[in-house]
Amino acid sequence: MSTETMPAARRAAVRARRVLRFAGYFAVRLVQANLAVAWEILTPGSRLAPAVVRVPLRAATDTEVAAVALAVSLTPGTLTLSVHREPTAALSVHGMYAADPVAFRREVTELEWRLLAALRPAAHPDGGPDAGRSEANRR
């Protein structure tokens with residue numbers, strides 16, 4: 001269903017649901033990261049495994065890239081070090097708990113995926129969690 005054929009009220013409801021879903025997800029991640037950092041302060045050296053990982057992005061616009069970089073930096077234990085636009089968009093991210101770069105990259109990619117789902121229009125072809133699922137399965 002294209003943006004032109006989807007009623008405005010339906011688009012607003014879909015967008016609101018996506019934004020709320022991301023806000024809930026990010027709030028949980030924020031609490032988990034704060035607890036992990038607090039635990040590290042109370043018990044130094046328990047799980048610290050710092051690394052810098054390059055994370056390729058699906059973000060298409062400068063606004064989307066900036067939003068992903070900010071969301072990553074807002075999460076305790078992670079920091080966006082640089083943004084690469086050529087040849088493809090990517091972030092260099094420092095993680096305090098990045099012993100497994102593949103798993104760390106997967107976590108950042110999931111954050112990006114959920115953020116893009118909240119930012120992009122309701123009928124965007126790559127709209128995130130609902131993309132590729134039938135209307136019956138979205139509910």
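**A walk from strand β1 to helix α2**

Let's begin at V52, which sits in strand β1, the stretch covering residues 51–56. The model we are looking at is predicted. Is V52 buried or exposed? With a relative accessible area of 51%, V52 counts as exposed, because the cut-off for that word is over 50%. V52 also has company on the surface: together with L79 and L81, V52 makes a nonpolar patch of about 270 Å².

Now step back to the chain as a whole. Its secondary structure comes to 4 helices and 3 strands, and reading from the N terminus, the elements follow the order α-β-α-β-β-α-α. Of the 139 residues in the chain, 35% are buried. The area that the chain exposes is about 8,000 Å², and carbon and sulfur atoms supply 65% of that area. If you like to think in terms of contact maps, take the contacts with a separation of 6 or more: residues 24 or more positions apart account for 69% of them.

Helix α2 is a good place to look next. This helix takes in residues 62–74, 13 residues in total. From its first C-alpha to its last, α2 reaches 18 Å, close to the 18 Å expected at 1.5 Å a residue. Which residues of α2 are buried? They are E64, V65, V68, A69, A71 and V72. These residues lie on the same side of α2, because they cover an arc of only 160 degrees around the axis. The general geometry helps here: an α-helix has 3.6 residues a turn, so residues three or four places apart point the same way. Turn to the other side of α2 and you find D62, T63, L70 and L74, which are exposed.

What do the buried residues of α2 pack against? Their partners are two helices, α1 (8–42) and α3 (101–119), and two strands, β2 (78–84) and β3 (90–95).

One more stop is worth making, in the loop between β3 and α3, where A98 has its place. A98 is buried, with a relative accessible area of 3%; the word applies because that value falls under the 20% cut-off. Which residues is A98 in contact with, leaving aside its neighbours within four places in sequence? The contacts of A98 are then A49, A51, V53 and F104. Take A49 from that list: A98 and A49 are 49 residues apart in sequence, yet their C-alpha atoms are 5.6 Å apart in space.

Key
Residues numbered from 1 in each chain as written. Predicted model: local features only at pLDDT ≥ 70, side-chain atom pairs only at ≥ 80, totals over all residues. Heavy atoms only, no water. Expected span 1.5 Å × (residues − 1). Buried < 20%, exposed > 50% of the residue type's maximum accessible area, 1.4 Å probe, protein only. Arc of directions from axis to C-beta. Contact = heavy atoms within 4.5 Å. Areas by Shrake-Rupley, 256 points an atom, 1.4 Å probe, with all protein chains shown as cover. Patch = residues over 30% accessible without salt bridge, like charges linked within 9 Å, V, L, I, M, F, W, Y side chains within 5 Å. Salt bridge = Lys/Arg side-chain N within 4 Å of Asp/Glu carboxyl O.
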